[in-house]
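Me: Please take me through one part of this model slowly, as if we were sitting at the screen together. I'd like to know which strands sit beside one another, what lies under them and where the backbone does something unusual.

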Amino acid sequence: MSQGYAIELYFDPAIENQVLGAWNLLAHRQISTHLIEIKSRPHITLFSCPLIDPLKLENIVKTMSYNAAVPISFTSIGTIPDDRNVLFFALTPSMALLQFHSQLCDALKKEGFEIGEDYRPGSWIPYCLVAEQVPKAQMAEAFTVLRDVKLPYYGYAMDVGLVEFSPVRKLYSTMLGTKDEE
């Protein structure tokens, strides 16, 4: 049964492979395999919500395909102080990324979606999960492993998509900079 839906940005192949390399390194060290197990794809979550009409979200995602690819740069490693025990690559948000997110939120509001505090412009913190459900006893080891990753990574967000979770199931995605026609 679905827990919800998310709109995500996906990366160019070089950045995606670098993030997957970090996932695989943590899996090899037996620290975290959760993102691999749920069939996630390296991404930045732009919006997430519980059960709703996914067709309305898909139409919004389609309108976002008109935007050009978005420059991104992963510059540091971080965590969130909650019980999910996550590690992520933090972004230095570009103006283009912040504008893309703001435009998406405007489109969501126009369609009647309520945007939670975590995803509102001005509150949203863009990041890419690298590990989730890391045992507390291994958080320090995970940080040490990721510290050896050669950041920063520079590249582009190339696709925008809609997924159902968990496990992750792609419902729709499109390349940025295209006019998606039915």
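What follows is a walk along one strand and its partners.

Reply: First, some ground rules: this is a predicted model, where local features need pLDDT of at least 70 and side-chain atom pairs count only at pLDDT 80 or more, while totals for chains, interfaces and linings use all residues. Residues are numbered from 1 along each chain as its sequence is written, and side-chain values use heavy atoms, leaving out hydrogens and water.

Let's start with β6. (Strands are DSSP runs of E with at least two residues, helices are runs of H or I with at least four, and both are numbered from the N terminus; two strands pair if DSSP finds at least two bridges between them.) Find β1 on your screen: eight bridges tie it to β6, and the two run antiparallel. To see how they line up, look for G4, which stands opposite F165 in β6. Now turn to β3, residues 70-79, which is joined to β6 by five bridges, again antiparallel. Here P71 faces Y156 in β6. A third partner is β7, residues 169-175, paired with β6 in the antiparallel sense over six bridges. In that pair, G161 stands opposite S173 in β7.

β6 and β7 also make a hairpin, with three residues between them. Zoom in there, as the backbone has some surprises. The peptide bond from F165 to S166 is cis, with omega near 0°, and the next step, from S166 to P167, is cis too, with omega near 10°. S166 sits in the loop between β6 and β7, and P167 belongs to that loop as well. Most peptide bonds are trans, and most residues other than glycine have a negative phi.

Now go back to β3 and step across to β4. These two pair in the antiparallel sense over five bridges, with G78 opposite F88 in β4. In turn, β4 pairs with β5, antiparallel over four bridges, and there F88 stands opposite L129 in β5. So what covers β4, residues 87-91? Five of its five residues are buried (under 20% relative accessible area; over 50% is exposed, and in between is partly exposed, using a 1.4 Å probe and protein chains only). Both faces are covered, with L87, F89 and L91 buried on one side and F88 and A90 on the other.

The loop between β3 and β4 holds N85, whose phi is near 50°, a positive value in a residue other than glycine. N85 is buried, because its relative accessible area is 14%. Compare K39, in the loop between α2 and β2: its phi is positive too, about 65°, though it's not a glycine. K39 counts as exposed because its relative accessible area is 62%.

Finally, look for F74. In the largest nonpolar core (buried Ala, Val, Leu, Ile, Met, Phe, Trp, Tyr and Cys joined through side-chain atoms within 4.5 Å), which has 52 residues, I7 and F74 touch the most other members. Leaving aside neighbours within four places in sequence, F74 has contacts (heavy atoms within 4.5 Å) that include F89, A90 and L91, as well as F11, C128 and Y153.

One last stop: M95, in helix α4, residues 95-110. M95 is exposed because its relative accessibility is 56%. Measuring C-alpha to C-alpha, M95 and P71 are 9.0 Å apart in space, though 24 residues apart in sequence.
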